[in-house]
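Visitor: I should like to examine this protein structure with some guidance. May I put several questions to you in turn?

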Amino acid sequence: MEEITAGLVRRLLPRRRPDGHKGDFGRVYVYGGCVGYTGAPVYAGEAAVRCGSGLVFVGVPEDVYPIVAARCAASMAHPIPAGYGDLLGRAAACSAVLIGPGLGRAVETEQTVCRLLADLPCPVVLDADGINAVSLHIDVLDGRRGLAETILTPHEGEFLRLGGSLSQGREQAAVDFARQHGCILVLKGPGTIVAHPDGRRFRNPTGNCGMAKGGSGDVLAGMILSLAGQGASPFDAAVCAVWLHGRAGDLCSQELTEYAMTPLDLAEHLPAVFKELAQ
């Protein structure tokens, strides 16, 4: 298994045209949030902006919209009205969609996630409660073969709920699951593994235990979303994002310590990581 390196990330990152405008750099959508979990979609949206997305939309339930909107400086939050059509229309107009940050586990939400997966023709990143919804309907994930690529970002507990097995080790588990379900799997944890259905796999060497805090995964999901929305292949987007995420965490730990660093600090240290890569 290969390790992700700075040189690899430098080669895989989507290029930015000097004469480009915001429409050239991806239009992406975050679907998440619920009462008690208003920070998750904010973190994901902020990370997507920090990774270069031209337009970032954040759709949340109407009852938490005022809270989320007040915290979204560069992303554009909006309340999701009752009914599925408006949500699908907004999401389908984007180049990549993230489903799950802070979404909650209501039955209606679970049904909406399944409908979106069946209908969206663009790459989809599934995180947190998006993964929880699919764990109960794995056939919906399998049904996206041939429609568009899907990236799942589970930690080990979520991976087991999806039906995965760690008995043969993390690497083999990730490859087997990706192949079986035709998805890209990002198995989070120390030495995060990114696996493709064709057998390709990479291990990430960056990161530290200061990142083991609620919200860090939302930042990673937003980063993958951003790079996929800018035109990187979903697999390349995942490979780049996990390295960038971990490197930002390493810079945070050096400056702030592993105790005091926060998930939002990860997004705020991304400019320094991109600057390193540009040197």
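Visitor: How many aromatic pairs does the structure hold?
Guide: The model shown here is predicted. Two rings count as a pair if their centres lie within 6.5 Å. Phe202 and Phe235 form one such pair, at 6.1 Å centre to centre. The number of aromatic pairs in the structure is 2.

Visitor: Is the pair of Phe202 and Phe235 stacked, edge-to-face or tilted?
Guide: Planes under 30 degrees apart count as stacked and those over 60 as edge-to-face, with the rest counted as tilted. The planes of Phe202 and Phe235 make an angle of 45°. The pair is therefore tilted.

Visitor: How many residues apart in sequence are the parts that this pair ties together?
Guide: Phe202 belongs to strand 10 (residues 201-203), whereas Phe235 belongs to helix 11. The pair therefore ties together parts whose separation in sequence is 33 residues.

Visitor: Is Phe235 buried or exposed?
Guide: A residue counts as buried under 20% relative accessible area. Phe235 has a relative accessibility of 3%. Its partner Phe202, at 11%, counts as buried. Phe235 likewise is classed as buried.

Visitor: How many disulfides does the structure hold?
Guide: A disulfide requires two cysteine sulfur atoms within 2.5 Å. For Cys94, the nearest cysteine sulfur is that of Cys122, 7.3 Å away. For Cys209, the closest is in Cys252, at 13 Å, which is too far for a bond. The number of disulfides is 0.

Visitor: Is Cys209 buried or exposed?
Guide: Cys94 has 8% relative accessibility and so counts as buried. Cys209 has a relative accessibility of 57%, and the class of exposed residues begins over 50%. Cys209 is therefore exposed.

Visitor: Which helix gives the most to the lining of the largest pocket?
Guide: The largest pocket has a volume of about 820 Å³ and is lined by 36 residues. Among the elements that give two or more residues to this lining are helix 2 (39-50), helix 10 (216-229) and helix 11 (234-260). The greatest contribution, 4 residues, is from helix 10.

Visitor: How many residues in the lining of the second largest pocket are nonpolar?
Guide: The second largest pocket holds about 360 Å³ of space, and its lining has 22 residues. Of these residues, 5 are polar and 5 are charged. The nonpolar residues number 12.

Visitor: Which ring lies under the charged end of Arg115?
Guide: A charge sits over a ring only if it is within 6 Å of the ring centre, among other conditions. The charged end of Arg115 is 3.8 Å from the centre of the ring in question. That ring belongs to Tyr84.

Note on methods. Residues numbered from 1 in each chain as written. Predicted model: local features only at pLDDT ≥ 70, side-chain atom pairs only at ≥ 80, totals over all residues. Heavy atoms only, no water. Buried < 20%, exposed > 50% of the residue type's maximum accessible area, 1.4 Å probe, protein only. 1 Å grid on protein atoms, 1.4 Å probe; cavity = no way out; pocket = protein on both sides within 12 Å on 5 of 7 lines; lining within 4 Å. Points joined across faces, edges and corners; volume = space filled by probe spheres on them. Nonpolar A, V, L, I, M, F, W, Y, C, P; charged D, E, K, R; others polar. Phe/Tyr/Trp six-rings, centres within 6.5 Å; stacked < 30°, edge-to-face > 60°. Lys NZ or Arg CZ within 6 Å of the ring centre and 35° of its normal.
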